[in-house]
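This briefing sets out the fold, the surface and selected residue pairings of one protein. Please consult the sequence and the structure while reading.

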Amino acid sequence: MAKAAREGQARTSVWLESKAHRRRGGGQPSGLDRGRIIEVTLRLLDAEGLPRFSMRRLAGELNVTAMSVYWYVDTKDDLLELALDQVMGEMRLPDPDADEDWRDQVRALAREYRTLLVRHPWVSALVGVFLNIGPNNLAFSRAVQRVVRRTGLPAKRLTSTISAVFQFVYGYGTLEGHLATRAATAGLTVDEYFQQSLSTVTEAPQAADVIRESQEIMAARGGDTVAEMLERDFEFALELLVAGIEAMVARER
């Protein structure tokens, strides 16, 4: 019963005051601190992915025992939440008070978020798992809210607008990151992987009709590389969303 009760509880956060500043008693390993641990964690996550990450693997990279890491973080989840907020700080956030058009600022935020998801494919698996109340994530959330407020939409429409834009970016960036990861795992460039996959699908009889119907669309899509195709698709989809916001602002007046 006690275990069931614990499993039903909401996940806590490393950023709560009692955990964010917690340090155990004396005897901490020399030359090691939380910053160094997070730095190596990020390197491992980027290089090897989330499924292969473990505290034992991290300790080996740091050349310490696994227990040494626990002087600075209570759990693996706490460490992953710290790593998640660390990379959120890589995004360049527009100043909502600057004399800039809200459309340009929405585009800037969307592009920064997409870049983050592609650069660090493991991030998409952690977003939504944690409470995300670290300083960098809160700064991003605050910038998004303040920029979207500037659209002129009423307060009751803001969360829907934020969802439309940034859940699109999340999905797009996640799939783009997965594509890059699969290509790297196969030892291929993204273009090589795409062509190999396209050839495989073309040979499948059950996909013949879909491929035939898609040929005109793919040809019209344009772009000599996968990167160019993805960029064009993303930018046009983003423009559709911006235009949709403009239309809804006009409707609300």
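A residue is called buried when its relative accessible area is under 20%, exposed when it is over 50%, and partly exposed in between. By that cut-off Leu230 is buried, because its relative accessible area is 16%. The model discussed here is predicted. The protein has 13 helices and zero strands, and 35% of its 253 residues are buried.

**Overall architecture**

- Read along the sequence, the pattern of elements is α-α-α-α-α-α-α-α-α-α-α-α-α.
- The C-alpha trace of the protein spans about 65 × 55 × 45 Å along its principal axes.
- Of the contacts in the protein with a separation of 6 or more, 71% are between residues 24 or more positions apart.
- The accessible surface of the protein comes to about 14,800 Å², and carbon and sulfur atoms contribute 53% of that area.
- The protein carries 32 positive and 35 negative charges, and the mean positions of these two sets are 8 Å apart.

**Leu230 and its surroundings**

- Leu230 is placed in helix 13, which covers residues 226–252.
- Once neighbours within four places in sequence are set aside, Leu230 is in contact with Arg114, Tyr172, Glu176 and Leu179.
- Leu230 and Tyr172 are 58 residues apart in sequence, and their C-alpha atoms are 9.2 Å apart in space.
- Two of the contact partners of Leu230, Arg114 and Glu176, also form a salt bridge with each other, in which the closest N and O atoms are 2.9 Å apart.
- This Arg114–Glu176 pair links distant parts of the chain: Arg114 belongs to helix 7 (residues 102–119) and Glu176 to helix 10 (residues 158–185), 62 residues apart.
- Arg114 and Glu176 are both buried, as is Leu230.

**Other salt bridges**

- Side chains of opposite charge can pair when their charged atoms come close.
- A search of the whole structure finds 15 salt bridges.
- Glu252 and Arg157 form one salt bridge, with 3.1 Å between the closest N and O atoms.
- Glu252 lies in helix 13 and Arg157 in the loop between helix 9 and helix 10, so this pair ties together parts that are 95 residues apart in sequence.
- Glu252 counts as partly exposed because its relative accessibility is 31%, and Arg157 is likewise partly exposed, with a relative accessible area of 37%.
- Arg43, Glu48, Arg57 and Glu61 are joined into one network by salt bridges that share partners.
- Within that network, the side chains of Arg57 and Glu61 meet in a salt bridge at 3.2 Å, N to O.
- Arg57 and Glu61 are four residues apart in helix 4 (residues 55–62), so about one helical turn separates them.
- Arg57 is partly exposed at a relative accessible area of 30%, and Glu61 is partly exposed at 32%.

**Surface patches**

- Asp191, Glu192, Asp224 and Glu228 gather in a patch of negative charge on the surface.
- Within this patch, Asp224 occupies the loop between helix 12 (208–221) and helix 13 (226–252).
- Asp224 counts as exposed because its relative accessibility is 75%.
- A nonpolar patch on the surface is formed by Leu16, Leu131, Ile133 and Leu138, which together have about 310 Å² of accessible area.
- Leu131, one of the members of the nonpolar patch, is located in the loop between helix 8 (123–126) and helix 9 (135–149).
- Leu131 is partly exposed, with a relative accessible area of 47%.

**A buried histidine in a loop**

- His120 is found in the loop between helix 7 and helix 8.
- His120 counts as buried because its relative accessibility is 4%.
- Not counting residues up to four places away in sequence, His120 touches Asp46, Val87 and Glu90.

Technical notes
Residues numbered from 1 in each chain as written. Predicted model: local features only at pLDDT ≥ 70, side-chain atom pairs only at ≥ 80, totals over all residues. Heavy atoms only, no water. Patch = residues over 30% accessible without salt bridge, like charges linked within 9 Å, V, L, I, M, F, W, Y side chains within 5 Å. Areas by Shrake-Rupley, 256 points an atom, 1.4 Å probe, with all protein chains shown as cover. Salt bridge = Lys/Arg side-chain N within 4 Å of Asp/Glu carboxyl O. Lys, Arg positive; Asp, Glu negative; His and termini not counted. Charge placed at Lys NZ, Arg CZ, Asp CG, Glu CD. Helix = DSSP H or I, 4+ residues; strand = E, 2+ residues; numbered from the N terminus. Buried < 20%, exposed > 50% of the residue type's maximum accessible area, 1.4 Å probe, protein only. Contact = heavy atoms within 4.5 Å.
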